[in-house]
Amino acid sequence: MTEDLASRSAPARSPGAVAFADPGGVTSALTWSAPELTAGLAWSALTRTFAAEAAGLLGDQVKLHVNGEPVVDRDLWPTTDADAAGPAAWLDRQHTFGPDDDRFVYARAVQEHDRTLFRTVVELLAPHLWRLGLPPGHVEVEVFHGAYRNTPGGIHREGCTNLHLVLAGRKSMHFWRGTDWVPAGTALREDVEPESELPEEYLPDLDRRSVVEHGHALTATTGGGFFWRSGIWHVGETHEPSVALNIASYTRTLDVEAKLLPLWGDRLHGEVPADWLADYREHVRSTADDAALLARLTALGMRPAPPDGPGTAPRSVRRESTAPVLWAPAGPGRLTVAALGRAAEFADGPVPRGWLDAVLTNRPAAHGVPRECGRLAQWLCAQRILEPMLEPMEAS
C-alpha cells in the first residue's frame with residue numbers, strides 16, 4: 001500500500017464528555033463537551049418536531065407559553081422558516097411578544113426527528129451508564145428554549161432522572177427534596193407523563209421565592225448543566241434567553257432511590273451475556289425479541305431517528321462513532337448485531353467476531369473488510385458507526 005489511509009482521511013470526530021461535580025449525589029452540577037451539540041442543532045430538532053406535529057404525524061409534543069399561559073394560535077409558533085434565523089431572532093419578534101413577556105418553547109422526543117442529535121446524545125450518555133444504570137422506562141430528549149422566570153406549571157417533579165445541558169444563555173435550576181418543606185394547604189396538581197402515564201406532581205400556586213431556604217439552586221451557562229434523580233422537586237429559571245437540552249430517563253416512580261439496572265461490565269460494548277439480557281427484558285417489561293431488545297439497548301431506551309441511507313459496500317473502514325455496538329448469538333451460525341437503535345442478523349464465526357472487535361476497538365486505524373464481513377461493514381456504515389475509507393487496504 002502506498003500511503004496510510006488514516007493520514008489521508010478527515011480525523012475522526014471527537015467524542016463528547018460529561019463531568020459531574022457530585023457523581024454520587026441526587027442532584028449535581030455538571031460540565032459537558034460535545035462539538036456537534038449546539039443550540040442550532042437543538043433548534044432544528046425542535047422545529048422538525050413541530051413540523052411533524054403540524055402535519056398530523058404526532059400529537060402534543062411541542063408547547064409554547066407566553067407569561068405561563070399556553071398559546072394555541074399556531075401562527076405565533078416557531079416554523080421551519082425561523083430555523084435559519086435561529087432562536088434568538090424568533091424570540092426578538094417584538095410584534096408578537098412584549099419585551100417583558102415570559103416566552104417558553106418546549107418539545108419532547110426530538111431525537112426521533114434528527115439523526116445527528118440522536119447519535120450525539122447516545123455517544124455522550126453511554127460512557128456514564130456503568131455508574132448511572134439503565135432506567136426501566138423509556139428515554140427521550142427534550143428541548144427547552146426561551147426567556148422565563150419559571151418553568152410553566154411551577155415547581156414540579158416527575159418519575160425520571162434528568163441530564164440537563166445548557167447549550168446557550170444562562171439559567172438556574174432550583175431543587176427541593178422530600179415533601180416536608182411544602183407549606184400546609186398548598187394546592188397539588190397531579191398529572192401523568194403522556195407516553196407511559198407515569199405520575200407527575202405540580203405545585204402551581206407556590207412561589208419558589210417563599211420556600212427558597214428549604215432547597216438549593218444551581219446556575220449554568222453554555223457548556224454546563226444539571227443532573228437530578230426521579231422525584232426531586234424542581235423549577236427552571238432563565239437569566240437571559242437560553243436553549244437547553246434535557247435527557248429524561250423514566251423510572252416509573254417518584255422514588256429518588258428508583259431501581260436502575262447496572263451494566264454487566266464497565267461499559268456498554270460487545271457481546272451481551274444471555275443472563276443479563278434476560279434481566280434487562282424483565283427490567284423494561286419487554287415482550288419483544290432479542291434483536292429488538294438489543295436495538296433498544298443501543299438506543300439507550302430512546303426511539304431513534306432513522307438512518308441517513310443504505311450505506312456503501314466498503315473495502316476499508318474505520319470507526320466513526322463511539323456509540324455502543326452490541327451483539328448476541330441468534331442461533332447456529334448467526335449473530336445479531338445492534339447499533340444506534342437498529343439490529344440486523346449476520347453470519348457468525350471467528351472472522352466476523354475478530355473483525356468486529358478489531359475495528360471497534362482501534363478507533364483511529366483503518367481496517368480492511370474481509371469477504372465474510374462485507375454486508376456487516378455496509379450495515380455499520382449505514383448506521384454511521386463506521387466510515388468507508390478512500391482506498392482499499394489489505395483485510396485485517
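Is Ala109 buried or exposed, and what is its relative accessible area? In this predicted model, Ala109 has a relative accessible area of 0%, so the residue is buried. Ala109 lies in the loop that runs between β5 and α5. Its phi is near 55 degrees, a positive value in a residue other than glycine.

Asn67 also has a positive phi, near 55 degrees, and is likewise not a glycine. This residue sits in the loop between β3 (62-66) and β4 (69-70). Its relative accessibility is 41%, and Asn67 therefore counts as partly exposed. A further positive phi, of about 60 degrees, is found at Leu300, just after α8.

Asn67 is one of the residues in contact with Asp102, once sequence neighbours within four places are set aside. The others in that set are His65, Val66, Ala147, Tyr148, Arg149 and Asn150. Asp102 occupies the loop between α4 (87-91) and β5 (103-107). Its relative accessibility is 13%. The cut-off for a buried residue is under 20%, so Asp102 counts as buried. The side chains of Asp102 and Arg149 are joined by a polar contact of 2.5 Å.

Helix α8 spans residues 290-298. Its buried residues are Leu293, Leu294, Ala295, Leu297 and Thr298. Both helices and strands contribute to their cover. The helices include α5 (115-125) and α7 (274-284). The strands include β18 (325-331), β19 (334-339) and β20 (342-347).

The internal space was examined next. A search of the whole structure returns one cavity of 30 Å³ or more. The largest cavity holds about 170 Å³ of space. Its lining comprises 16 residues, and those closest to the centre are Leu125, Leu132, Gly133, Thr161 and Ser249. Three elements each give two or more residues to this lining: α6 (129-132), β8 (160-168) and β15 (242-250). Strand β8 provides the largest share, with three residues. By residue class, the lining of the largest cavity contains eleven nonpolar, four polar and one charged.

Strand β13 (residues 224-228) contains Gly224. The relative accessible area of Gly224 is 9%, so this glycine is buried. Gly224 and Leu30 are 194 residues apart along the chain, yet their C-alpha atoms are separated by 5.6 Å. Leu30 is also among the contacts of Gly224 that remain when neighbours within four places in sequence are left aside. Thr31 and Trp32 are in that set too. The set is completed by His164, Leu165 and Val166.

The last element considered is a sheet. Three strands form an open sheet in the order β21-β17-β22, and the pairing is antiparallel. Strands β21 (367-368) and β22 (386-388) are the edges, each pairing on one side only. Strand β17 covers residues 316-319 and is joined to β22 by three bridges. These two strands run antiparallel. Arg319 has Leu386 as its bridge partner in β22.

Note on methods: Residues are numbered from 1 along each chain as its sequence is written. This is a predicted model: local features need pLDDT of at least 70, side-chain atom pairs count only at pLDDT 80 or more; totals for chains, interfaces and linings use all residues. Side-chain values use heavy atoms; hydrogens and water are left out. Buried means under 20% relative accessible area, exposed over 50%, partly exposed in between (1.4 Å probe, protein chains only). Helices (H or I, at least four residues) and strands (E, at least two) are DSSP runs, numbered from the N terminus. Contact means heavy atoms within 4.5 Å. On a 1 Å grid over the protein atoms alone, a cavity is a set of points where a 1.4 Å probe fits but cannot get out, and a pocket is an open set with protein on both sides within 12 Å along at least five of seven lines; lining residues have an atom within 4 Å of a point. Grid points are joined across faces, edges and corners, and a volume is the space filled by probe spheres set on the points. Ala, Val, Leu, Ile, Met, Phe, Trp, Tyr, Cys and Pro count as nonpolar, Asp, Glu, Lys and Arg as charged, and the others, Gly among them, as polar. A polar contact is a pair of N or O atoms within 3.5 Å; within protein, one must be able to donate a hydrogen and the other to accept it, and residues adjacent in sequence count only if both atoms are side-chain atoms. Two strands pair if DSSP finds at least two bridges between them.
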